[in-house]
Structure formats: structure tokens, C-alpha cells
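I opened the model to look up its surface and its strands. My entries follow in the order in which I made them.

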Amino acid sequence: MAWRRIFTLAGLTVLAIAPAGPAIPEDAASADKHIIAAYRVDVGRVNLGTFRLTTVVRGENYEMRGEGRFQILQGLIYRWMGSTSSNGRFARGNPQPAMYALNYRGSKSGQLRITFERGAVSDVSMVPHYQPSPHIVPV
């Protein structure tokens, strides 16, 4: 169903882009900083979902956790839930990720884990394992 794909992609997009970069602290050596953001997705007066993101900055290290829920007609037509987490450190004021994780379930369920070393992706793990379509030609 086209609507399911749209809402699944919307949910994954929200969860994927939200942890892209926490607010960079002016003084990384200062006390712990907690940032909590709550989002609500509405169309007109109809609530389609919520997303909550919590970021903790401890010195030069950061940790982010997010949880989102999306549904249509109280979940009778469509329901999607996901959580994401990321951690790393700040180097010269820029976030350097160490790990990113995404878990989701709805019409399909899955997990994505990405680890980083020296600013580059070192490992990617997906469950279920993604098999590219044989009809797609790599460029």
C-alpha cells in the first residue's frame, strides 16, 4: 500500500536525521548538558505520531536516544514504532560519531547498526539483511 511506504519512509527519515548532530556545547569541559525535544506530527487536527529525542553531553562525549510512534486511526490502518540511539565525542567542536542504531517495527521490523572509527564507517549490520533488487544496476 502506498500510504504504508510513505509513512514508513517518513518515520525512518525522522529517526535518521534527528540524531545527525546535537547542539555543540560552547565549553565541552563544563557540566553535563541535557537536551530533551518532543515533536508531534499532525495533519489538520489528526495526530499521526510523536517523536522524543534526548541528548546528554558529558564533557567531550555525547549520547542521543530517540523514540517515535506513528499511526493512522489509532493503529487500525497503520502502526509504526521505532527507536534510535547514537553516541560519540566532540573533536574541535564537531561531533564524531562512534555508533548509530535504529530499531523499528510496523508492517515490517528491522534493525540497523553502524559503527564508526576515525570519522569513517567501520561496520554496518542490518536485520533482516538487505538484498538489493536484481533489477537495479549499480552506478
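I began with Leu76, which lies in the loop between strand 3 (61-72) and strand 4; strands (E, at least two residues) are DSSP runs numbered from the N terminus. Leu76 is exposed, with a relative accessible area of 77%; exposed means over 50%, buried under 20%, and partly exposed in between (1.4 Å probe, protein chains only).

I noted that this is a predicted model, in which local features need pLDDT of at least 70 and side-chain atom pairs pLDDT 80 or more, while totals for chains, interfaces and linings use all residues. Residues are numbered from 1 along each chain as its sequence is written, and side-chain values use heavy atoms, without hydrogens and water.

I then looked up the sheet. It is open, with seven strands in the order 1-2-3-4-5-6-7 and antiparallel pairing; two strands pair if DSSP finds at least two bridges between them. Strand 1 (33-43) and strand 7 (120-127) are the edge strands, each pairing on one side only.

I looked at one pair in detail. Strand 4 (residues 78-91) pairs with strand 5 (residues 94-105) in the antiparallel sense over 11 bridges. Phe90 stands opposite Pro95 in strand 5.

I closed with the interior. The largest nonpolar core (buried Ala, Val, Leu, Ile, Met, Phe, Trp, Tyr and Cys residues joined through side-chain atoms within 4.5 Å) has six residues: Phe51, Leu53, Val57, Tyr62, Met64 and Phe90. Strand 2 (46-58) and strand 3 each supply at least two residues of this core, and the largest share, three residues, comes from strand 2. Another core, of five residues, lies apart from it and includes Leu48, Phe70, Ile72 and Trp80.

Technical notes:
Helices (H or I, at least four residues) and strands (E, at least two) are DSSP runs, numbered from the N terminus.
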